[in-house]
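Student: I am new to this structure and would like a close look at a single part of it, the sheet. Could you walk me through that part step by step?

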Amino acid sequence: MTSTPTRPASGFTVLSLPMRDPRVRPLLDELAVEYSTRYGDLFGSGGAAEELNRYPAGEFAAPHGALLILQENGETVAGGAFRRYDARTAEFKRIWTHSAHRRRGLARLVLAELEAEAARRGYQRIYLTTGPRQPEARNLYLATGYTPLFDLEADPEQIKHLAFSKSLASS
């Protein structure tokens, strides 16, 4: 099921898609490479495949979840998803920007789109984690108002899962 595409002011098309849609494949394929390259088997012998298959695709479907991609000229360039964490909290997962399109502010745009969609679904809070070898993600979340749920001075490799939360503005 595809929702009506929207066009943010930036000129990108935002699509809400099911996990099995072929337009989502670039996101999943590049995440697998990214996780394997950065982490190897740090989180277990299953590596990237285990992480990408940790949650059933249905958890990212309406009414409790969503998977959004940004397209530019028909190409998938960024995306992200959320699932229900609890009755008032959405958990963001799979936030990604294509390697050829980084440093353009697309991750911020994905976060804003995910936050807006989560708020429309009635969520009041966001929870997310990132890994210790993704300092750019850590910095993005800190710069966009997310509260770290860990000691910022601690060794990220010892923490492993860097958790953040954010309250969504009431409409």
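**A close look at the sheet**

Tutor: Happily! The sheet is an open one of seven strands, in the order S1-S2-S3-S4-S5-S7-S6, and its pairing is mixed. Let's go to its edges next. These are strand S1, residues 13-16, and strand S6, residues 147-148; each has a single partner strand, so one side of each is left without a neighbour in the sheet. On its paired side, S1 meets strand S2 (residues 66-72), and the two run antiparallel, joined over four bridges. You can find a spot to look at here: valine 14 stands opposite leucine 70 in S2. Now bring in a helix. Helix H1, residues 25-39, packs on the sheet and touches S2, strand S3 (75-86) and strand S4 (89-97). The direction of H1 makes about 85° with that of S4.

Keep in mind that this is a predicted model. With that said, let's place the sheet in the whole protein chain, which has five helices and seven strands. Read from the N terminus on, the elements follow the pattern β-α-α-β-β-β-α-β-α-β-α-β. Contacts reach far along the sequence, too: taking those between residues at least 6 apart, 59% join residues at least 24 apart. As for burial, 46% of the 171 residues of the protein chain count as buried. Finally, the accessible surface of the protein chain comes to about 8900 Å², and carbon and sulfur atoms hold 50% of it.

Note on methods:
Residues numbered from 1 in each chain as written. Predicted model: local features only at pLDDT ≥ 70, side-chain atom pairs only at ≥ 80, totals over all residues. Heavy atoms only, no water. Buried < 20%, exposed > 50% of the residue type's maximum accessible area, 1.4 Å probe, protein only. Contact = heavy atoms within 4.5 Å. Areas by Shrake-Rupley, 256 points an atom, 1.4 Å probe, with all protein chains shown as cover. Pairing = 2+ DSSP bridges. Axes fitted to C-alpha atoms, helices over the stretch in contact; angles between N-to-C directions.
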